[in-house]
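Open the model in your viewer and keep the selection panel at hand. The stops below say what to pick and what is there.

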Amino acid sequence: MKRLHLCCLVVAMALPLWPSTASAQLEFGAERPRVFSIQRRPYRLGHEFQLGLGVLPLDAFYVGVVATAGYTYHFSDFWAWEIAGAGYSLNIGTGLKGHLFDEYGVEPVQGGGEQITVMASTSMVVKPLFGKLAIFNADVIYSETFFVAGIGPLMKGDFWRPAINLGAGMRFWSGPALSWRLDVRDYLIFSSWVPENSLFLLISASFNYYNADEHEGDTEWPD
Amino acid sequence: MARLSTAAVCCAAALQWVAAPSAVFAQEKGEAGAAQATEAKAAKEATEATEATEATEATEATEATVEAEAESDIEVDVDPEIFDLALEDFYDGRYAEAAAGFWGYIHFGEPAAENYEWAQYFLGECLRKLGFWHAAVLYYYTVAATRQQPEILPDALGRLEAISRRRPYSESLVLEDLLYDSEFGFLPDYLNDWVQYVQGLYDYRNGFVDWAQLHFAKIAKDSPYALRAMYVQAVFALKNDKDDEALAMFDTIVDSPIDAPDVKNRSNLALARLLFDTSRYSDAFETYREVEQIDLSFEQAELILEKAWAAYFMGDRRTSMGLLHALEAPSYEGFFLPDAYVLRGLIFKDLCHFIPAKRVVRSFRFRYQRSLEMLRRRVPMARIPGILDAGTQEGQVGRRTAFLRTLEQERRLIEDYDSYWEDVELDKHLRRVYDLEIREQSRLWNIEFRDSSDGAALELLEVEEQVNLLDYEIGLDIFKRLKADQARRSTEQGLTIPYDSANVYYEFDEEYWNDELHSYKYFITSRCFESNKGP
């Protein structure tokens with residue numbers, strides 16, 4: 001009995017939805033029309049040179065302030081290869097090491113005191129999301145969201161360590177040649193079989209050189 | 001038979017359409033003065049122009065009398081220091097106080113006073129800064145018309161020239177009364193170009209073509225007014241059926257390196273309409289894309305509709321329907337564009353979507369039935385919903401409507417400064433000035449509205465006829481018999497959306513973005529059986 005009531009309730013709730021669907025089908029048959037605004041991408045990337053400033057915030061013993069540079073080649077509007085990315089970290093101690101020593105007479109062991117100084121990587125980039133944002137209903141800015149996955153060595157302490165990086169980022173264009181990126185990457189550093197985790201936040205300026213002839217051979221533009 | 005009737009609807013639509021650009025040309029011609037759609041219209045306009053001139057002269061005479069009366073109300077000795085104090089207020093940014101000072105100097109002083117014209121000019125400046133544009137124009141006009149202090153003339157004319165480009169203003173006062181028949185002697189180049197252009201324009205309007213050309217020849221070649229003069233000549237060529245000559249001139253304007261976006265835009269529009277009228281739809285569509293209009297304005301809506309027609313005649317129904325889809329944006333809802341229904345209905349019918357086509361017919365009736373009934377009952381045009389808007393949304397009457405609105409806004413603004421001005425009665429004086437101008441502009445508006453509303457009503461009746469015909473055609477098509485061997489669906493390319501493309505596909509999600517209005521594509525499959533009428 002309870003179940004019957006529940007069924008009636010569901011049917012009653014679904015009823016208001018039914019006529020619109022039915023009339024839509026009646027109106028256009030099986031295939032509903034779809035409306036797209038098809039626009040040429042306002043900004044396209046070719047050769048991207050990147051300069052940025054980042055931070056390694058996770059290690060309790062130091063905070064790394066990282067100056068980075070990179071070069072990315074964009075195969076298309078979806079795929080790109082960050083051929084080379086490198087960074088040098090200027091590390092600022094948090095005082096924890098001294099505090100531990102002073103208070104408890106202990107020092108970090110098993111690599112705990114090692115600091116990342118140099119980072120290098122090469123990564124694949126996919127850019128599935130592209131969109132525009134309205135600012136104060138007065139202007140529109142264009143943005144894309146991308147995902148990266150790459151490998152590369154890091155100098156941690158006195159040794160180069162292999163690392164994998166995974167991350168995502170957003171780009172905001174201020175013109176065809178200049179855009180601003182916010183990257184969030186996680187480095188898995190293999191000092192042993194169990195990787196250590198290091199988060200890397202980066203803000204960078206990207207300078208783009210886009211050669212239309214190189215990329216737009218047979219492109220069909222929307223009318 | 002069905003096809004024949006379809007063609008008839010298309011022809012009717014096309015004919016109606018041809019009339020529409022002509023009407024718009026007429027507006028342009030009205031502006032250029034030399035290319036009215038018909039001689040009758042020209043004669044009518046000339047009559048109105050005479051009436052308007054007479055009326056304006058009468059108004060000015062009345063204004064002058066009012067001013068004279070006002071000035072003769074009280075006769076007191078005016079301390080010349082008032083001018084200096086008002087000037088100090090002006091440079092300190094206290095424009096209301098400064099206006100009171102300058103007005104006191106003018107109102108209570110003698111016209112022969114040393115700084116009388118300067119006081120008039122600065123009063124104009126104060127009023128402009130306070131937002132009384134029409135009153136400011138009156139004082140700049142007075143300074144420029146009397147020319148007792150020639151050194152102020154370029155400044156006053158410069159202000160008038162700038163206002164003429166940016167705001168609604170009394171065209172009869174500035175262009176006809178001040179500039180047309182006047183000799184100003186030496187003027188800076190840009191003002192000289194403006195004066196020569198206006199004098200040439202009015203000579204064209206009055207049929208003195210040789211004199212007009214003499215004026216236009218005196219305009220510097222690199223001046224934006226040189227392009228405007230060429231535009232006038234192009235429209236004149238159009239009027240005289242010299243389409244090729246007009247086309248060449250419009251092309252020259254568009255390709256000119258001179259920075260004159262306004263006239264280039266108008267030329268692009270005229271060019272596109274000319275190409276459309278000569279059935280060069282692809283070229284017309286390309287040219288329409290060069291035209292820029294203010295976002296969400298009536299002109300933009302009109303442009304979108306014209307593009308939709310061009311796309312339709314090109315056979316690109318997706319683009320045409322996409323543009324019509326843009327016209328459904330709420331901002332365009334109030335505009336009078338009845339033939340958008342005809343086009344939408346035609347496309348649905350062409351694609352054998354008969355129920356949507358019928359719904360278009362129904363929506364047209366739902367939207368305009370009341371107006372049509374009122375038209376048949378001969379209700380005054382200004383009381384018919386839609387016709388009032390339709391009659392005032394473009395052309396001379398549109399400009400006058402905008403000017404009237406400005407006048408009313410400015411008149412209301414006087415209240416804000418009552419406390420500053422009541423001692424010298426500047427508020428009273430300004431109210432009188434605005435009341436007179438509003439009365440005169442309303443009189444002219446009524447004359448112009450009579451014509452424009454007639455045009456809108458006629459257009460609505462014509463579209464209704466087309467819609468009725470379309471309705472009948474749809475009915476015939478629904479019950480059209482097919483032979484068995486014809487009963488197959490046409491094969492058409494399905495919609496594929498690439499994931500990696502130089503184009504971005506934003507699917508419409510009940511939200512209109514201004515930057516997308518021109519780029520919608522409406523993907524709909526044809527349901528026709530017997531032909532390849534793919535979209």
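Select β2 to β9 of chain A. In this predicted model, these 8 strands form a closed barrel, in the order β2-β3-β4-β5-β6-β7-β8-β9, with antiparallel pairing. Neighbouring strands of this sheet are turned against each other by 25 degrees on average, direction ignored.

Now narrow the selection to one strand pair of chain A. Take β3(A), residues 62-74, and β4(A), residues 79-93. How many bridges join β3(A) to β4(A)? There are 13 bridges, and the two strands run antiparallel. For a single position, pick Gly64(A): opposite this residue, in β4(A), stands Asn91(A).

Next, show where the chains meet. The contact draws 24 residues from chain A and 27 residues from chain B. On the chain B side, select α16 (317-326), α18 (354-376), β1 (503-507) and β2 (520-523); these are the elements of chain B that give two or more residues to the side touching chain A. Which element gives the most? That is β1(B), with 5 residues. Colour the chain B side by residue class: 13 residues are nonpolar, 8 polar and 6 charged.

Stay with β1(B) and add β1(A), residues 34-40. These two strands pair across the chains in the antiparallel sense, over 5 bridges. Strands of a sheet pair through backbone hydrogen bonds, so the backbone is what to display here. Label Gln39(A): the bridge partner of this residue in β1(B) is Val504(B).

Then hide chain A and look at chain B as a whole. Chain B has 22 helices and 2 strands. Its length is 535 residues, and 44% of them are buried. Turn on a contact map if you have one. Among contacts in chain B with a separation of 6 or more, 65% join residues 24 or more positions apart.

Go inside. The largest nonpolar core holds 134 residues. Which of its members touch the most others? Select Ala99(B), Phe102(B), Leu123(B), Cys126(B), Val137(B) and Leu327(B). Centre the view on Leu123(B). Beyond neighbours within four places in sequence, Leu123(B) is in contact with Ala99(B), Phe102(B), Trp103(B), Ile106(B) and Tyr139(B). Two of these partners, Ala99(B) and Phe102(B), are also on the list of members that touch the most others.

For the last stop, bring chain A back. Apart from the largest core lies another, of 10 residues. Select some of its members, including Ile116(A), Ala163(A), Ile189(A) and Phe200(A).

Conventions:
Residues numbered from 1 in each chain as written. Chains lettered and ligands numbered in written order. Predicted model: local features only at pLDDT ≥ 70, side-chain atom pairs only at ≥ 80, totals over all residues. Contact = placed C-beta atoms within 7 Å. Helix = DSSP H or I, 4+ residues; strand = E, 2+ residues; numbered from the N terminus. Nonpolar A, V, L, I, M, F, W, Y, C, P; charged D, E, K, R; others polar. Pairing = 2+ DSSP bridges. Axes fitted to C-alpha atoms, helices over the stretch in contact; angles between N-to-C directions. Buried ≥ 20, exposed ≤ 12 C-beta atoms within 10 Å, placed from the backbone. Core = buried A, V, L, I, M, F, W, Y, C linked by C-beta atoms within 7 Å.
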